[in-house]
Amino acid sequence: MTNIAVVYYSATGNTHQLAQAVAEGAQEAGADVRLRRVPETAPDAAIDSNPAWRAHLDQVSDVEIATPDDLAWADGYAFGTPTRFGTPSAQLKGFIDTLGGLWANGTLANKGATAFTSAQNTHGGNESTILTLFNVFSHFGAVIVPPGYTDPLLFAAGGNPYGASVPSSGNAAAASDEALTAARYQGRRLAEMTAKIRG
């Protein structure tokens, strides 16, 4: 069985929705999946300034926190994050920065890797955030698995060939059915391609 880790950060629920859909897609493809969120590092004052942020953090308290061991276990992995000025969130970047040991010994290499994101606006940094994560995957020596234009359903979700993305318009948990369908497809594709990479 192929092991897939879906590791993400979400403030108000949009990236969480995508993460769940990616995990579901990988499971549909027969993978064993770990859905993990990275720790929240923002101060309480910032979180409490946005009721949707606090509400979401409380709602996902039962989702396990990601550790480097989850990446060591995985044959392939998906990283998800809201965009922050066109780049990944500090919370996800902080987790990535704990993976130096696994990078150094080659544990993260030769594994399927994909990414997904959300931004307030359609052109608010979705593509650049995913491409930034592709830079990370290249340093890991991973095999990047984008959805590309490999299924017509991707066009209904906006046609992002790099990874599933959601323009939230400032709303919490606003992922459309089309975006979630694209994310499930991305999870299936990651699991299927990772199985081929493993041989």
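**Notebook: strand E3 and its surroundings**

I began with the hairpin side, where E3 and strand E4 (residues 87-88) pair in the antiparallel sense over two bridges; strands here are DSSP E runs of at least two residues and helices are H or I runs of at least four, numbered from the N terminus, and two strands pair if DSSP finds at least two bridges between them. The model is predicted, so I kept in mind that local features need pLDDT of at least 70 and side-chain atom pairs 80 or more, while totals for chains, interfaces and linings use all residues. Residues are numbered from 1 along each chain as its sequence is written, and side-chain values use heavy atoms, without hydrogens and water.

I noted that Arg84 stands opposite Thr87 in E4, and that two residues lie between E3 and E4 in their hairpin, with Phe85 in the turn at a positive phi of about 55°.

I then looked up the parallel neighbours of E3: strand E1 (residues 3-8) pairs with E3 over five bridges, and strand E5 (residues 112-119) is joined to E3 by seven. Gly80 of E3 stands opposite Tyr8 and has Phe116 as its bridge partner in E5.

How enclosed is strand E3 (residues 76-84) by the rest of the structure? Eight of its nine residues are buried, so I recorded E3 as largely enclosed; buried means under 20% relative accessible area, exposed over 50%, and partly exposed in between, with a 1.4 Å probe and protein chains only.

Last, I checked Trp73 and found Arg34 over the ring face, at 4.1 Å from the ring centre; the rule asks for NZ of Lys or CZ of Arg within 6 Å of the centre and within 35 degrees of the ring normal.
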